Each structure stands twice: as C-alpha cells, then as structure tokens.
Amino acid sequence: MLNERKKIPAEAVELYSQFIHGEISRRAFADGVKRFAVAGLTATAIVDALMPNYALGQQVRKDDERIRASYETVPSPNGHGYIRGYFARPDSANSRDENPAKLPGVIVVHENRGLNPHTEDVARRFALANFMAFAPDALTSVGGYPGDDYKGGLLFGKLDGAKRTQDFIAAARWLKARPDCTGKVAATGFCFGGGMANTLSVMLGGELAAAARFYGGAPKAEDVPKIKGAILIHHGGLDKALSVA
C-alpha cells in the first residue's frame, strides 16, 4: 500500500496525463516515472497510484437489483452510422402499469479512451438517483472500448471528430425522444466528455436542459449565447491544459 505521507510528485501526474492522452508510449511513461521515485515511494507504487482501478472505484454493481441496464444501439445517420451505449434505469421504471412515471435523462460521456467501467458505473449511479442514463461509446465504429485505456486512446485518435460529435447528438436526441423520458435531458462528462457536454449545450441549445462538465474544453466565446440550459463547471486549479470561459 502506498505510504499516505508520500505525495505523488506533480511531474509524475503530468507524465501520466501525457501517457493517457497518447502523447507518449506506455514504455516512456514507465521509464519516466522512475525519475521521480524517492525513498519510500518506488516507481511501481507511483504507477499503481496513478493508474485507474475500476474495480476498486465501483460504487454500484452491474448486477444490482435496484437497476435495469442494457446495451442499446442508436442510429446516427450524420455520424458514423450508429453508436452503441450503456443504458441504465431504476428498476421501478419497469413498472407494468399502463402509464408508468416518466424519468428525466442524462447523457454520460466518457474520457478520450472509450466507454470504460467507470463511466458505466456513473450511469448506474444516476439510475439509483431516479434518472435514466445513457453512456454512449465513441469507439463504437472502431470496435468499441478495447478493455485497455491506452489502447482505447489510440483508437480514439483515429475517429472523425465531426462525425463523433454527431454521434453524441444522435444519442442525446434518442434519449430525449423516448416515450418513457420526460423530455428533459442533461449531459455530463469527464475530460473529453466535459468538452462534449459543452458542445452539446451549444449545438442542442434549448433541447438540452443542463450540462455539468468535469473539466474539458470550454466553448468558444461567440457560441456561449447559444447555450440555453443550466451549466455547472468543475475544473482543477492546477490543470494547465485547460482554460475556463
């Protein structure tokens, strides 16, 4: 276990950021971390602390009986043709009543590596909060999330950016149009996903009720008036790569 008194050097965190964004190779990351090893904090301990542990971070099990989840494929004629995603609702939404209560929707957008287990877990958390959540996988057209964040990042870089955006627009409109949705849909996301939440708020205008971004690129100043929904912004004070509008 990592000695809690030893902090991960900021330079090592920046190195991880370069690695996970595809700027350096896995080997370069591992070799670079060795420079920051100090007494009581080995290179292996630093790598273990920086790499995500999705099993450890999971809050809602995939087989949790309080939710109903499935993988759904949505047409995206202006994008890559279709996009697949993870759809989660509270079990109570599967009522056999003729007119079950409708739920508001949330589009949950992953980072620049595909629909990993963490993003699916976030969708399940929304389901437990009485939302219907859809977490699309931007990597659908290239085979989907490969089970490895680094490999996912490499695949992500091969996507057509404009078509990728259209895929998420199609996903948001699919969720909004569902007969069991109230018609109110919000977007949230992390890193790339935060930027996509901003993009959706601009491109969908009044169709999107709200967006809560966790970092991610800001919209252009001239596009801000197009945003009609509520916006909640989360940024890291030491994140040098991002600017806040």
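I will go through the confidence, the nonpolar cores and one pocket of this predicted model.

Residues are numbered from 1 along each chain as its sequence is written. Local features need pLDDT of at least 70, side-chain atom pairs count only at pLDDT 80 or more, totals for chains, interfaces and linings use all residues, and side-chain values use heavy atoms, with hydrogens and water left out.

Confidence, then. Mean pLDDT, the predictor's confidence in each residue from 0 to 100, is 89 for the protein, and 91% of residues reach 70 or more. Over residues 1-5 pLDDT stays under 50, and the model has five contacts (heavy atoms within 4.5 Å) for them beyond four places in sequence.

Next, the cores. A nonpolar core here is a set of buried Ala, Val, Leu, Ile, Met, Phe, Trp, Tyr and Cys residues joined through side-chain atoms within 4.5 Å, where buried means under 20% relative accessible area with a 1.4 Å probe, protein chains only. The largest has 28 residues, and Ile107, Phe134, Phe168, Leu175, Leu200 and Leu208 touch the most other members. Elements supplying at least two residues each include strand S2 (81-90), helix H7 (161-177) and strand S5 (181-190); helices (H or I, at least four residues) and strands (E, at least two) are DSSP runs, numbered from the N terminus. Apart from this core lies another, of 14 residues, Phe19 and Leu41 among them.

Back to Leu208: leaving out residues up to four places away in sequence, Leu208 touches Val185, Ala186, Ala187, Ala197, Leu200, Ser201 and Gly229.Last, the second largest pocket (on a 1 Å grid over the protein atoms alone, an open set of points where a 1.4 Å probe fits, with protein on both sides within 12 Å along at least five of seven lines; lining residues have an atom within 4 Å of a point): S5 gives the most to its lining, six residues.

Methods. Buried < 20%, exposed > 50% of the residue type's maximum accessible area, 1.4 Å probe, protein only.
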